[in-house]
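Trainee: I should like to work through this structure by question and answer. May we begin once it is displayed?

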Amino acid sequence: MEATNMHHPVSQLLHAMHSAVNSNDIQALQTLYCDDAVLIDKPLVAPRTDLLNALEGFKAKYMPEHVVSQGDDIVVEAGDTALVISKLYVNEKHRAENTSTHVRKAIYVFRKNSDGLWQCAIDNFFGVDLVDFA
């Protein structure tokens, strides 16, 4: 088991995921998720096959006039699996200063594919707050 932060390859993938979400780049997102990935939308789980609809619904519900940016994260790696706990900042798009309007502590699970590349298997923007909706 290895615990790291912002320098781990998974941290860089998280940054790429958030950039793709902010720019509605579904093609980029599809390469960053495992074929069997799930996106958690409290309290529902959306399969990767419905990535476009899940992303559009998520953005409409939680980020209609906002962008997400990544803060500190911790990556705990065990073999081909990595648990990631990350601070996310949801900021207003048109704000002059980049001041955070909301902070989330998201939880992700990444897995190495057969080519040795990390991909997101579970995307849980809600982190442990999800248990409040169970």
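Mentor: Let us begin with a definition: a disulfide is a pair of cysteine sulfur atoms within 2.5 Å. Please keep in mind that this is a predicted model.

Trainee: By this rule, what does the count of disulfides come to?

Mentor: The sulfur of Cys34 has its closest cysteine sulfur in Cys120, at 7.1 Å, which is too far for a bond. Seen from Cys120, the closest cysteine sulfur is that of Cys34, also too far for a bond at 7.1 Å. By the rule, the count of disulfides comes to zero.

Trainee: Is Cys120 buried or exposed?

Mentor: The cut-off for a buried residue is under 20% relative accessible area. Cys34 has 4% relative accessibility and counts as buried. Cys120 has 0% relative accessibility, so Cys120 counts as buried.

Trainee: What share of the residues in the chain reaches a pLDDT of 70 or more?

Mentor: Confidence varies along the chain: strand β1 (residues 2-4) has the lowest, with a mean of 45, and strand β7 (residues 118-124) has the highest, at 92. Where pLDDT is low, the predicted coordinates should not be read in detail. For the chain, the mean pLDDT is 79, and the share of residues that reach 70 or more is 78%.

Trainee: Which pattern does the chain follow when read along the sequence?

Mentor: The chain has three helices and seven strands. Read along the sequence, these elements give the pattern β-α-α-β-β-α-β-β-β-β.

Trainee: How many residues of β7 are buried?

Mentor: In the chain, which has 134 residues, buried residues make up 38%. Trp118, which is placed in strand β7, has 9% relative accessibility and therefore counts as buried. Of the seven residues in β7, the number buried is six.

Trainee: How many bridges join strand β6 to β7?

Mentor: On one pairing of β7, strand β2 (residues 33-41) runs in the parallel sense over three bridges, and Leu39 stands opposite Asp123 in β7. Strand β6 (residues 102-112) runs antiparallel to β7, with Lys112 standing opposite Trp118. The number of bridges that join β6 to β7 is six.

Trainee: Which residue in the turn between β6 and β7 has a positive phi?

Mentor: β6 and β7 form a hairpin, and five residues lie between them. In that turn, the residue with a positive phi, of about 80°, is Gly116.

Trainee: What distance separates the C-alpha atoms of Trp118 and Cys34?

Mentor: Trp118 belongs to strand β7. Along the chain, Trp118 and Cys34 are 84 residues apart. Their C-alpha atoms are nevertheless separated by 8.7 Å.

Trainee: Which side chains meet in a salt bridge?

Mentor: Side chains of opposite charge can pair when their charged atoms come close. A search of the whole structure finds one salt bridge. The pair links distant parts of the chain, strand β6 and strand β2, with the two positions 75 residues apart in sequence separation. At 2.4 Å from N to O, the side chains that meet are those of Arg111 and Asp36.

Trainee: Is Asp36 buried or exposed?

Mentor: Arg111 has 30% relative accessibility and counts as partly exposed. The cut-off for an exposed residue is over 50%. With 51% relative accessibility, Asp36 therefore counts as exposed.

Trainee: How many bridges pair β4 with strand β5?

Mentor: β4 and β5 form a hairpin with two residues between them, and Gly79 in the turn has a positive phi of about 65°. Within the pairing, the bridge partner of Ser69 is Tyr89 in β5. β4 and strand β5 (residues 81-92) pair in the antiparallel sense, and the number of bridges is 11.

Trainee: Which residues make the nonpolar surface patch?

Mentor: Ile74 lies in strand β4 (residues 66-78). At 47% relative accessibility, Ile74 counts as partly exposed, and residues in patches need over 30%. The patch covers about 250 Å² and is made by Ile74, Leu83 and Ile85.

Trainee: How far apart in space are Ala20 and Leu32, C-alpha to C-alpha?

Mentor: Ala20 has its place in helix α1 (residues 9-22) and, at 3% relative accessibility, counts as buried. In sequence, Ala20 and Leu32 are 12 residues apart. In space, C-alpha to C-alpha, the distance is 9.6 Å.

Notes: Residues numbered from 1 in each chain as written. Heavy atoms only, no water. pLDDT = per-residue confidence, 0-100. Helix = DSSP H or I, 4+ residues; strand = E, 2+ residues; numbered from the N terminus. Buried < 20%, exposed > 50% of the residue type's maximum accessible area, 1.4 Å probe, protein only. Pairing = 2+ DSSP bridges. Patch = residues over 30% accessible without salt bridge, like charges linked within 9 Å, V, L, I, M, F, W, Y side chains within 5 Å. Areas by Shrake-Rupley, 256 points an atom, 1.4 Å probe, with all protein chains shown as cover. Salt bridge = Lys/Arg side-chain N within 4 Å of Asp/Glu carboxyl O.
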